[in-house]
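Biologist: I am new to this structure. Please take a close look at one part for me, the aromatic ring pairs. Where do they lie, and how are the rings set against each other?

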Amino acid sequence: MRSALDVERVRPAALFDAWLFAEADATLALAAWRFAASGDKAAAYATYRSALDREARAARMLKLRLEAA
């Protein structure tokens with residue numbers, strides 16, 4: 001994870017956009033998991049968990065940046 005000093009250099013709007021894209025990816029991955037064939041469920045779940053982790057990291061980065069403002 002980036003340090004607080006690195007986060008302060010990034011525009012909040014860029015971090016907000018990154019979070020929105022990550023959230024959209026997680027939403028699409030959730031739908032793919034839900035509708036995956038039974039043989040594909042495990043891989044779809046792993047993809048969803050990865051997308052969810054990326055969304056959480058993006059949210060934390062945005063939070064750090066807004067707290068530093």
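Modeller: Here is a walk through the aromatic pairs, one by one. Keep in mind that this is a predicted model. The structure holds three aromatic pairs. One of them joins Phe-16 and Trp-19. Their centres are 5.6 Å apart, and the planes meet at 50°. That pair is tilted. Both Phe-16 and Trp-19 sit in helix α2, which covers residues 12–35. They are three residues apart, about one turn of the helix. How open are these side chains? Phe-16 has 38% relative accessibility, so Phe-16 counts as partly exposed. Trp-19 has 24% and is also partly exposed; buried would need a value under 20%.

Now take Trp-33 and Tyr-45. Their ring centres lie 4.7 Å apart. The angle between the planes is 55°, so this pair is tilted; edge-to-face would need an angle over 60 degrees. Trp-33 belongs to helix α2, while Tyr-45 belongs to helix α3, residues 41–68. The pair therefore ties together parts that are twelve residues apart in sequence. Trp-33 is partly exposed, at 27% relative accessible area. Tyr-45 is partly exposed too, at 34% relative accessibility.

The Trp-33 and Tyr-45 rings do not stand alone. Tyr-48 joins them, and ring pairs link Trp-33, Tyr-45 and Tyr-48 into a cluster.

Terms used. Residues numbered from 1 in each chain as written. Predicted model: local features only at pLDDT ≥ 70, side-chain atom pairs only at ≥ 80, totals over all residues. Heavy atoms only, no water. Phe/Tyr/Trp six-rings, centres within 6.5 Å; stacked < 30°, edge-to-face > 60°. Helix = DSSP H or I, 4+ residues; strand = E, 2+ residues; numbered from the N terminus. Buried < 20%, exposed > 50% of the residue type's maximum accessible area, 1.4 Å probe, protein only.
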